[in-house]
Amino acid sequence: MLDRLNEAMELIEERLDGTVDVAELAAVAMTSEHHFRRLFSALAGMPLSEYVRHRRLTVAGAEVVAGHRTLLDVATAHGYGSGESFARAFRAFHGVGPGQARRTGAVLRSQSRLSFRLTVEGSSTMRYRVVEKDAFAVVGRKTRAPLVHVGANLALAAFVRGIDRDVLDRIAELGDQEPTGLLGVTDDLDPGRAEGTEFTYYHGVVTSARPPDDLDRLPVPAGTWAVFAYRGEFPEALQYLWRDVFTQWFPANPYRTRPGPEMLRVELSQDGRRAAAELWIPVEADGVRFR
């Protein structure tokens, strides 16, 4: 898998002066476009689109300082439709405009080329199981919230606190299948998982029951789910769980992500500092047939 990812990185370099087609990159990596975006973001710590933009502006910065081509030629060579749009992107990345950089030889930023290598660390294991589920619905209350990589998500915490106890009790009574209990369900995530991008969050249960009209409902088609069990500090351990699933489990197993909501069940300790969690991620076979 890592060899194929590195081949995709080489292809990005070849396409910096043209169109970087994510579908083509995913084909080189022999996976789906959805999974490629998710895996890249987890391994690189940034969305694919951001990496490509930073690599283009790094190469463009060297060409601007070299002075062999006009600024407009440099802009068009790197996919910018006008000198103005290039100048805005250049300034946002380098901190100075291209004209000033050429005149003064300003200090510029550089995005290094990425390559992926396997590092063996101890003998840690991840507990997981694979579950086939028929179609179901998530029923509860929903909101839009920003993605937070590390630390508490204050927007989500405030939303959950604002749900009346009697409403939570009514929601809990509707749950009739795995994963059991009240869940945090994330949907419509940005493929690159950029921090600050918004997603849809449901606080609810998994059910086949028809919900009352005052509750939100998310229909979910039948499919396969990878289920991970984890214990640790709250909330950091849960955020690290998502990271570890994508950086450790997926590269070592014949599965890939598919579009769909991710479901998290959390049981907090009495002091609220530790948690036992179960994370459900929608997956599909990567060259393996389940049925």
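Tutor: The expected span of a helix is 1.5 Å times one less than its number of residues. Helices (H or I, at least four residues) and strands (E, at least two) are DSSP runs, numbered from the N terminus. This is a predicted model: local features need pLDDT (the predictor's confidence in each residue, from 0 to 100) of at least 70, side-chain atom pairs count only at pLDDT 80 or more, and totals for chains, interfaces and linings use all residues. Residues are numbered from 1 along each chain as its sequence is written, and side-chain values use heavy atoms, with hydrogens and water left out.

Student: How far apart are the end C-alpha atoms of helix α1?

Tutor: Helix α1 covers residues 2–14, which is 13 residues. At 1.5 Å a residue it should span 18 Å. The model agrees: the end C-alpha atoms are 19 Å apart.

Student: Is N153 buried or exposed?

Tutor: N153 lies in the loop between β2 (136–146) and α8 (154–161). Buried means under 20% relative accessible area, exposed over 50%, partly exposed in between (1.4 Å probe, protein chains only). N153 has 15% relative accessibility, so it counts as buried.

Student: Which element gives the most to the largest nonpolar core?

Tutor: A nonpolar core is a set of buried Ala, Val, Leu, Ile, Met, Phe, Trp, Tyr and Cys residues joined through side-chain atoms within 4.5 Å. The largest has 34 residues; I12, F36, F250 and I281 have the most contacts inside it. With seven residues, the element that gives the most to this core is α10.
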